[in-house]
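Student: I'd like to go through this one with you and ask how each label is earned. Can we start with the rules and then check them against the atoms?

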Amino acid sequence: MTDTCSSEPAGAIKAIDKHSVHQICSGQVVLTLATAVKELVENSIDAGATNIDVKLKEHGIELVEVSDNGKGVEEANFKGLTLKHHTSKLRDFSDLIHVETFGFRGEALSSLCALSDLSVVTCHESSPVGTKLVFDHKGHLVQRLPHPRQQGTTVSLQQLFLTLPVRHKEFQRNIKKEFTKMVHVLQSYCIISTGVRITCSNQSGQGKRNAVVSTSGSQNMRDNIGAIFGPKQLQNLLPFQHVPPNEKVLEEYGLENAELPKKLFSITGFVSQADHGVGRSATDRQFFFINKRPCDPQKVTKLVNEVYHMYNRHQYPFVALNIEVASECVDVNVTPDKRQIFLQEEKLLLAILKSCLISMFEAGVNKFSLNNMRIPSSTTASKQSEENMLESGDNTGLMMASPKASLNLAVFSSHHNLNSGVKCNMAKAGPAQKKIKSFFKDAGKATACHAGVKSPGELTRSSNTGSSVGSQNADPRSPAFEAEEPSVKKEEAPTETTTKIHNEDSECVSASPVLKRARKENPGCLVDAPVSLQKRAVSLHFSLQELTGKIRRLRDGKRKRENCEELQYRRFRAKINPGESQSAEEELKKEISKDMFKEMEIVGQFNLGFIITKLNSDIFMIDQHATDEKYNFEMLQQHTVLQGQKLIVPQKLHLTAVNESVLMENIDVFQKNGFEFQIDEEAQVMERVKLVSLPTSKNWTFGPADIEELIFMLSDSPGVMCRPSRVRQMFASRACRKSVMIGTALSASEMKKLVGHMGEIEQPWNCPHGRPTMRHLVNLDIISQD
């Protein structure tokens, strides 16, 4: 008989072996190429270096090497140099409060040993000759050789992440993104490390070594910014200026009655001016430091951008701010990369920053001369105000009543009239139309059918001849009627003195004096407005027994429907409502594949603007203009090659070294966007690329800002066909103009073609202006059980 008591249980808790612990922890300390370079550069700065050189091969895949002219490593410290948690910065935990160096935990070199083949060549200031040290993956010194070298240290990492196969593969696959992030981190140390010359270069294959970053060792932050980003970046920078936090801001942060410490924070640095065109299209040049340590203070970053958007809401600022605070008021020991920081009196810091930034931006805002400026008359101003109000409407999407089996559909409402082909030109409208427009805005946006009056929108059955039933003049979205459709509520019917008119069914209805004047001034204008029906007396038979029975039947029917819905899988739960647009799109993406569009049966055209389709038991409504616009837009995006206009004199761009590299590596993408360049790889950094041709298209012009936006996009997605946002706007405008308009009658074949196009594009759910193209109306199986 086997003695089971003596055997170890299968799930017994036991210690992980030290080698595995070392690998696990190391993989959590060094996550990226940027982290590896950061740790080595910090070590060099801590060693008192004034010259740091970073060299990479194949963007860091094969080799990362950091050399400096610091103090070097003493012979007594050779063995402990790469051991876990060995450091000269701390003796006990209390020392952590006053630590002022970048490194202090003894994790960096130990972790890098576990993740790569690490070697060190060093020469201490007291040593006559240098020494080469080779370490194994556990951080143990395995080889020591004399090696000629001047004072300082060189650390070499070969095959980074080789010991973690999955991460190594991902690292190689995403090396361009990794390299771009590394350069951004390195730039932060270049900015803040005054008196330190930092250079970085990369070698691909057997080619020449290309400079990526280079500073001159200046003693001030402004010169370092100019060395990295060029003199153009310096032209519009504001030096940070201190002002006391004002009472309003203190109240906003709940500090109005608090005893605030004096001179706790000292802030220096630079921020972009808030003038339009001075900022940037992204947050790619924002650097924050606490006690000269690069960090990511999320609340500070958010505040700076929010205040900037108060004055320039379309762009982001360049930011380089250093916040000096007593070491006992900050905790940098939060995350392994030390980028997250805990700070005492954080609300006070935010209040000071907000007050200072507002003061700086206010000093330069709204300063323009009124001399010789033509001030528009009140009539002109009013006219422009009305047109602007129409053009700036938000995108409410598809609005309709709850669908029923009879397809009693309410009308879609959209504020994108200019983009959907409905021209709302109030400047040309008559007085009555303006009154109606004002009335409609007060009444609401959605139209509902009400008793006694025909709905202006009719569902027309398609035929083989392509004809449509229904009058186009009766369509509020047709060119003959240029006002939005009102929301009709029976309880809001006017009760004042009325004039009797007759509708198509010869029913007597009442119209208010406003509508009477409207019809008199514009006889051809069809108005769908609130009406008051003539009352008739109808006898009503009532009994408590019948009422009780009807209530019981209603409850039973409701319970039955609920049971059916629980048993039956409902794929489309989102309602047709602007607030549920995201949910509706997610459902469509999940349930509708591209090949399903060609299987859809065309039911008909609704309101000369929407195609009703059927797929199995599901009924869908498709916006004919929005879907055609999206198809035309994607075709323009994919196939249009913009033509360039040659410049008389090539234009210097002053791009950073890394941006020059991104441009040169993706030159075909720029050419398809109409940009052409003159490239001289032998020239100095920031002088290698000159612009020789710009894309032009009628009244659209493009420039260096579009080039920088493309570079930013390509940094995240190398080799992907990208378009600048202004090119996308141009394509969206073209696509809108050439697409089928609302109010156009379509044949069955034309509707089938539009629906089929939806299966040929990448993202068919929204037009370029944000209007939804398609919504699910109803499932006939569920309706049939009512």
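Tutor: Sure. A salt bridge here is a side-chain nitrogen of Lys or Arg within 4 Å of a carboxyl oxygen of Asp or Glu. Keep in mind that this is a predicted model, where local features need pLDDT of at least 70 and side-chain atom pairs count only at pLDDT 80 or more, while totals for chains, interfaces and linings use all residues. Residues are numbered from 1 along each chain as its sequence is written, and side-chain values use heavy atoms, with hydrogens and water left out.

Student: What makes Asp284 and Arg280 a salt bridge?

Tutor: Their closest N and O atoms are 3.0 Å apart, and the cut-off is 4 Å, so the pair qualifies.

Student: Why is Arg280 called buried?

Tutor: Buried means under 20% relative accessible area, exposed over 50%, and partly exposed in between (1.4 Å probe, protein chains only). Arg280 comes out at 11%, so buried is the word.

Student: What makes Lys55 and Asp53 a salt bridge?

Tutor: The N to O distance between their side chains is 3.9 Å, and the rule asks for within 4 Å, so they count. Lys55 has 31% relative accessibility, so it is partly exposed. Asp53, with 22%, is partly exposed because it falls between the two limits.

Student: How many salt bridges are there by this rule?

Tutor: The count is 17. One of them joins the side chains of Lys594 and Glu762, at 3.6 Å from N to O. That pair links distant parts of the chain, 168 residues apart. Lys594 is partly exposed because its relative accessible area is 40%, whereas Glu762 has 61% and therefore counts as exposed.

Student: Why is Thr35 called buried?

Tutor: Its relative accessible area is 9%, so it goes in the buried class. Thr35 is in helix α2, residues 33-46 (helices are DSSP runs of H or I, at least four residues; strands are runs of E, at least two; both are numbered from the N terminus).

Student: What makes the Thr35 and Thr32 side chains a polar contact?

Tutor: A polar contact is a pair of N or O atoms within 3.5 Å; within protein, one must be able to donate a hydrogen and the other to accept it, and residues adjacent in sequence count only if both atoms are side-chain atoms. The two side chains come to 2.9 Å, so the distance fits.

Student: How do you know that β20 and β21 pair?

Tutor: DSSP must find at least two bridges between two strands. These two have five, in the antiparallel sense, so they pair.
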